[in-house]
Amino acid sequence: VYVNQGSIDIKDSTFNGNTATNNGGAIYNTDKGIVTVSGSTFNANSAKDGGAIYNAGKMTVTDSTFSGNTATQNGGAVYNEVDAVVTLKAEQDDVLFSTATDTVYNEGTINVSAESGNKVVFDGAISGTDGVINLNNGDVNVNTTVSGNTVNLNSATLNMGTSSSFDDTTNLVSNGGVVSFLNNELQTTNLGNITLNSNMRFDLDVDLSTQTGDIISASAPVVAGSNSILINTINFLNDTSEDNLSINIADENTRSYIALAPDFNIITTATRIANYITFDTNTGDLILAYNYKLADAVADTQTQRLYSMSEDENVESDLGNMAGDNATLTVSGRGHSVVAETSGTKGITVQDGQTLTITNVNGANGGFTGFGDDTALGGAINNSGTLNVNNSRMTANTAENGGAVYNSGTANISKSSL
């Protein structure tokens with residue numbers, strides 16, 4: 001099909017074994033054409049450029065599959081010219097570039113989106129010159145190399161396969177999405193030149209038995225501004241008998257910009273769960289401890305840290321001042337309580353510039369309970385920084401002022417009982 005001008009709508013069709021001596025084995029769309037393709041298959045088509053599709057105009061491809069298409073030069077599946085636009089949409093089914101020869105060559109703009117339960121999958125290499133690829137929403141699976149493009153990660157999840165990578169001619173620009181390495185295998189994946197216009201979330205696998213994990217890397221130091229690469233989900237594989245682990249997950253170009261997301265998730269097949277997790281920006285190591293106490297987490301100096309409870313904890317002495325300039329500590333109670341063992345035991349003091357988040361500390365024994373005395377400022381928490389309390393309880397605490405909380409900073413309390 002050669003679209004000289006005007007528009008053409010193609011539905012539920014098959015292009016099989018077509019050949020063009022020049023460009024566009026199945027479809028050639030000129031700069032005056034508008035093409036819409038849905039529910040169709042492109043199989044074993046070939047050309048010099050654009051084995052299946054050569055696009056110089058506007059084209060939308062929905063719920064369609066490319067398989068075994070080839071080009072003697074560029075774009076085994078799709079060649080997209082300068083100023084041309086291809087929109088790929090997985091609405092009721094996947095969009096699949098399903099073999100290694102189904103490559104995409106882009107000099108224009110490619111917009112990618114997927115509805116829930118569907119995905120756009122690239123198994124053939126993506127290359128080009130000054131191309132732009134907008135990952136707008138949904139799951140986008142890249143199982144190949146990417147070069148010569150700027151990839152804008154908007155609200156999508158970019159799932160990177162074990163053989164995938166971006167080279168140093170590729171720019172990854174985060175505008176608020178997720179990069180996921182989750183696949184139960186370990187990989188070191190380069191994401192090219194990373195710019196963070198907003199926080200980018202990162203999912204990874206970690207094998208506790210070998211003390212190794214997925215490693216995120218970049219071709220140059222991240223351009224971050226005030227934004228971060230936030231560890232969003234960790235998939236812990238296997239078990240360990242060690243009580244303290246340091247596992248490298250980031251190279252020298254990314255590690256300074258990585259932090260734990262306050263709401264990060266854990267997936268695990270392990271029977272032992274670390275109760276203290278932090279990230280060392282100096283080494284790129286994820287640090288796990290299995291026998292920490294809340295007092296240890298309060299006293300640690302790492303900037304970002306998580307204390308996760310697996311049972312009620314009895315506190316024998318004052319918890320004291322949070323350590324670490326501009327530190328953030330999240331206490332995830334997971335339905336348990338923090339109980340002062342003796343009267344007069346002081347709670348946590350949050351200092352200026354620090355952030356304490358208490359979530360799901362709501363056990364049957366009172367949540368955060370029994371702290372303080374008649375001289376205390378805030379029996380449980382004395383806050384001069386930022387305090388976030390969510391879905392938690394504070395009971396039977398005592399103070400001269402602020403039985404549960406004394407606040408001279410910023411406090412956000414929701415779905416909680418004090």
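**Cavities, pockets and an open sheet**

In this predicted model, strand β30 makes the largest contribution to the lining of the second largest cavity, giving four residues. That cavity holds about 40 Å³ of space. Its walls are formed by Leu260, Ala261, Pro262, Phe264, Gln304, Arg305, Leu306, Thr328 and Thr330. At least two lining residues come from each of β30, β33 and β36. Sorted by class, five of the residues around the second largest cavity are nonpolar, three are polar and one is charged.

The same three strands also appear around an open space. The second largest pocket, with a volume of about 220 Å³, is lined by 14 residues. Those nearest the centre of this pocket are Phe264, Ile266, Leu306, Ser308 and Ser332. Two or more lining residues are given by each of β30 (258-268), β33 and β36 (328-332). Here too β30 supplies the largest share, in this case six residues. The lining of the second largest pocket comprises five nonpolar, seven polar and two charged residues. Two residues help to tie the picture together for a newcomer: Phe264 and Leu306 line the second largest cavity, and both are also among the residues nearest the centre of the second largest pocket.

Turning to the largest pocket, the space inside amounts to about 340 Å³. The lining is made up of 20 residues, and Tyr292, Lys293, Tyr307, Glu311 and Glu313 lie nearest the centre. The elements that contribute two or more residues to this lining are β33 (304-308) and β34 (313-315). Strand β34 provides the largest share, with three residues. By class, eight of the residues lining the largest pocket are nonpolar, six are polar and six are charged. Strand β33 is thus worth following by eye, as this strand gives two or more residues to the lining of the largest pocket and likewise to that of the second largest pocket.

Three cavities of 30 Å³ or more are found in the structure. The largest of these encloses about 60 Å³. Lining this space are Phe122, Ile126, Ile133, Leu135, Val140, Val142, Val146, Val151, Leu158 and Phe166. The strands β19 (131-142) and β21 (149-160) are the elements that give two or more residues to the lining. Of the two, β19 contributes the largest share, four residues. The class make-up of the lining is easy to remember: 10 residues are nonpolar, while none is polar and none is charged. The second largest cavity, by comparison, has three polar residues and one charged residue in its lining.

A further feature to look for is an open sheet. Four strands make up this sheet in the order β35-β38-β41-β44, and their pairing is parallel. At the edges stand β35 (320-321) and β44 (405-407), each of which pairs on one side only. Strand β35 is joined by two bridges to β38 (residues 348-350), and these strands run parallel. Within this pairing, asparagine 321 has threonine 349 of β38 as its bridge partner.

How values were computed. Residues numbered from 1 in each chain as written. Predicted model: local features only at pLDDT ≥ 70, side-chain atom pairs only at ≥ 80, totals over all residues. Heavy atoms only, no water. 1 Å grid on protein atoms, 1.4 Å probe; cavity = no way out; pocket = protein on both sides within 12 Å on 5 of 7 lines; lining within 4 Å. Points joined across faces, edges and corners; volume = space filled by probe spheres on them. Nonpolar A, V, L, I, M, F, W, Y, C, P; charged D, E, K, R; others polar. Pairing = 2+ DSSP bridges.
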